[in-house]
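Student: I keep running into words like "buried" and "salt bridge". Can we go through how such labels are earned?

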Amino acid sequence: MAAAPQLDRPVTAFMTDAAVTLREDVSIDEALAALRGGPVPEQGQNQVLYFYVINAADQLVGVLPARALILSPGTTRVGDLMTRGIIT
């Protein structure tokens, strides 16, 4: 039986400032290769739902859902799939 969630702890106890970024000008294949060769997340930081997409000047330009990264053709550019117009 699964343990009951710790509802008496503040939500900030479960937050992290770790972020995974991808460049908008790379292909899906290149992005996946970079992710595979990158650092391994610490325990508890292994669930990524969105990737932050940056431009050549390291400015945030969009987000890419993990599902889109996994299911899209390898030759597609990250910038063509990302959601733009995010509010920061």
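Here is a short chat about some labels used for this predicted model.

Student: How many salt bridges does a search of the whole structure find?

Tutor: Three. Let's test each one against the cut-off.

Student: Okay, why is the pair Asp25 and Arg23 called a salt bridge?

Tutor: The closest N and O atoms of Asp25 and Arg23 are 3.3 Å apart. The label asks for a side-chain nitrogen of Lys or Arg within 4 Å of a carboxyl oxygen of Asp or Glu, so the pair qualifies.

Student: And what makes Asp25 and Arg23 "partly exposed"?

Tutor: Partly exposed sits between the 20% and 50% limits. Asp25 has a relative accessible area of 44%, so it fits. Arg23 comes in at 33%, so it counts as partly exposed too.

Student: How do you know that Glu24 and Arg84 form a salt bridge?

Tutor: Same kind of check: their closest N and O atoms are 3.7 Å apart, and the limit is 4 Å, so the label holds. Glu24 lies in the loop between β1 (21-23) and α1 (28-36), and Arg84 in the segment after α3 (78-81), so this pair ties together parts that are 60 residues apart in sequence.

Student: Is Glu24 buried or exposed?

Tutor: Buried: its relative accessible area is 19%, and buried means under 20%, so Glu24 makes the cut.

Student: What about Asp80 and Arg77: what makes them a salt bridge?

Tutor: Their side chains meet at 3.4 Å, N to O. That is within 4 Å, so the name applies. Asp80 has 55% relative accessibility, and exposed means over 50%, so Asp80 counts as exposed. Arg77, with a relative accessible area of 33%, is partly exposed.

Student: Why is Asp58 called exposed?

Tutor: Asp58 has 58% relative accessibility, which is over 50%, so "exposed" is the right word. Asp58 lies in the loop between β2 (50-54) and β3 (60-65). Its phi is near 60°, a positive value in a residue other than glycine. Most residues other than glycine have a negative phi.

Student: Last one: how do you know that β1 and β2 pair?

Tutor: Pairing needs at least two bridges, and β1 and β2 have three, in the parallel sense, so they pair. Thr21 stands opposite Tyr52 in β2.

Student: And what is the strand order in the open sheet?

Tutor: The order is β1-β2-β3, with mixed pairing. β1 and β3 are called edge strands because each pairs on one side only.

Technical notes: Residues numbered from 1 in each chain as written. Predicted model: local features only at pLDDT ≥ 70, side-chain atom pairs only at ≥ 80, totals over all residues. Heavy atoms only, no water. Buried < 20%, exposed > 50% of the residue type's maximum accessible area, 1.4 Å probe, protein only. Helix = DSSP H or I, 4+ residues; strand = E, 2+ residues; numbered from the N terminus.
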